[in-house]
Amino acid sequence: ERVSHELKALGTAIANESIEVTSKSSNLVWAVRFRDGEAVTRGQTLVELDPAQARADLAEANAALTESTSQYVRARDLLSTRVVSQSQYEQLEATMKSNQARVDAATARLADTVIRAPFSGRVGLRRVSVGSLVNPGTVITTLDDTSVMKVDFAVPENLIGNLREGLALTARTAAHPDRELPGRVLTIDSRIDPTTRSVTVRALVPNTAALLRPGMFVNVTLARDEYQALVIPEQALVPEQSRQFVFVVDGGKVSKREVQIGRREPGRVEIVGGLKQDERVVVEGTQKVRDGGAVREAQG
């Protein structure tokens with residue numbers, strides 16, 4: 001049968017993208033355009049700040065640009081008549097370009113009064129109200145893209161050789177123990193923790209049903225490799241101290257044979273040596289047979 005070597009680990013769920021929504025400048029909240037826990041799309045307006053000062057600055061900058069542009073155009077027309085010197089012309093040109101930069105900066109400050117979602121996701125709790133004064137770094141809300149979740153977990157260094165990008169895994173949570181979420185290894189950290197002697201592995205798990213949330217503990221089962229193996233029912237084993245035996249049936253008689261076992265799973269065990277494919281073993285009644293004894297199959 002096909003057997004897979006599994007690795008179990010405890011990981012932490014992380015949003016695919018996650019930010020704290022803040023303001024770039026000190027200002028008053030003019031309007032709040034989202035509800036707690038709402039799903040938002042990229043570019044959607046979340047908060048509007050008081051635009052009065054930014055609009056006044058832009059108007060002032062536009063007025064200065066208009067005046068300096070007019071002076072520059074007149075000087076350009078008079079340059080050929082020597083009424084305006086080359087240095088005066090260049091000075092007027094520099095003033096015009098400086099005023100254009102002021103307009104661009106004022107336009108950017110006005111745009112900053114509208115805070116938009118940088119990506120699609122779900123906002124958290126609203127932490128400001130209309131009229132609140134926000135400063136750079138003040139958390140307005142959080143925004144998480146949880147359509148796909150990252151799961152970080154640690155793997156001992158001796159198992160690194162069995163890891164690779166794209167390896168399949170399943171994830172379970174205590175909140176939904178009956179649901180298995182399939183995922184794949186995204187990347188393996190380039191460094192090993194010198195204290196724990198483990199490496200951090202990051203997986204991607206689709207979260208279309210919204211069963212995972214950032215910060216959740218996740219039980220990860222990683223299939224390191226999968227291969228064809230010889231498997232027998234677990235009850236066919238006859239343990240003696242640290243050795244394992246089976247009773248092989250051949251021509252109506254049984255012979256006791258030592259075997260080497262590999263991976264054990266509930267109800268079955270992998271045989272890595274001592275037994276060949278298609279050989280028959282006693283599964284029930286092993287306590288009643290002896291090496292070299294005669295047996296017959298029970299009918300029905």
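Which residues touch the most other members of the largest nonpolar core?

## The largest core

This is a predicted model. Its largest nonpolar core has 23 residues. Those that touch the most other members are F153, V155, L169, V201, V205, V218 and L222. Strands feed this core: β1 (2-21), β8 (141-156), β9 (168-172), β10 (181-193), β11 (198-206) and β12 (217-228) each supply at least two of its residues.

Take F153. Leaving aside residues up to four places away in sequence, F153 touches A9, L10 and G11. F153 also touches L169, V199, T200, V201, A203 and V220.

## Another core

Apart from the largest core lies another, of 15 residues. F34, L46, I115 and I140 are among them.

## Helix α1 and its partner

Helix α1 covers residues 52-78, 27 residues in total. From first C-alpha to last, α1 reaches 40 Å. That is close to the 39 Å expected at 1.5 Å a residue.

The buried residues of α1 are A54, L58, A61, A64, L65, S68, Y72 and A75. These buried residues pack against α2 (86-111).

## N99 in helix α2

N99 is found in helix α2. Is N99 buried or exposed? Its relative accessibility is 8%, so N99 counts as buried, the cut-off being under 20%.

What does N99 touch? Not counting residues up to four places away in sequence, N99 touches A61, A64, L65 and S68. Those four are listed among the buried residues of α1. The side chain of N99 also reaches the backbone oxygen of A64, at 3.2 Å.

Key
Residues are numbered from 1 along each chain as its sequence is written. This is a predicted model: local features need pLDDT of at least 70, side-chain atom pairs count only at pLDDT 80 or more; totals for chains, interfaces and linings use all residues. Side-chain values use heavy atoms; hydrogens and water are left out. The expected span of a helix is 1.5 Å times one less than its number of residues. Buried means under 20% relative accessible area, exposed over 50%, partly exposed in between (1.4 Å probe, protein chains only). Contact means heavy atoms within 4.5 Å. A nonpolar core is a set of buried Ala, Val, Leu, Ile, Met, Phe, Trp, Tyr and Cys residues joined through side-chain atoms within 4.5 Å. A polar contact is a pair of N or O atoms within 3.5 Å; within protein, one must be able to donate a hydrogen and the other to accept it, and residues adjacent in sequence count only if both atoms are side-chain atoms.
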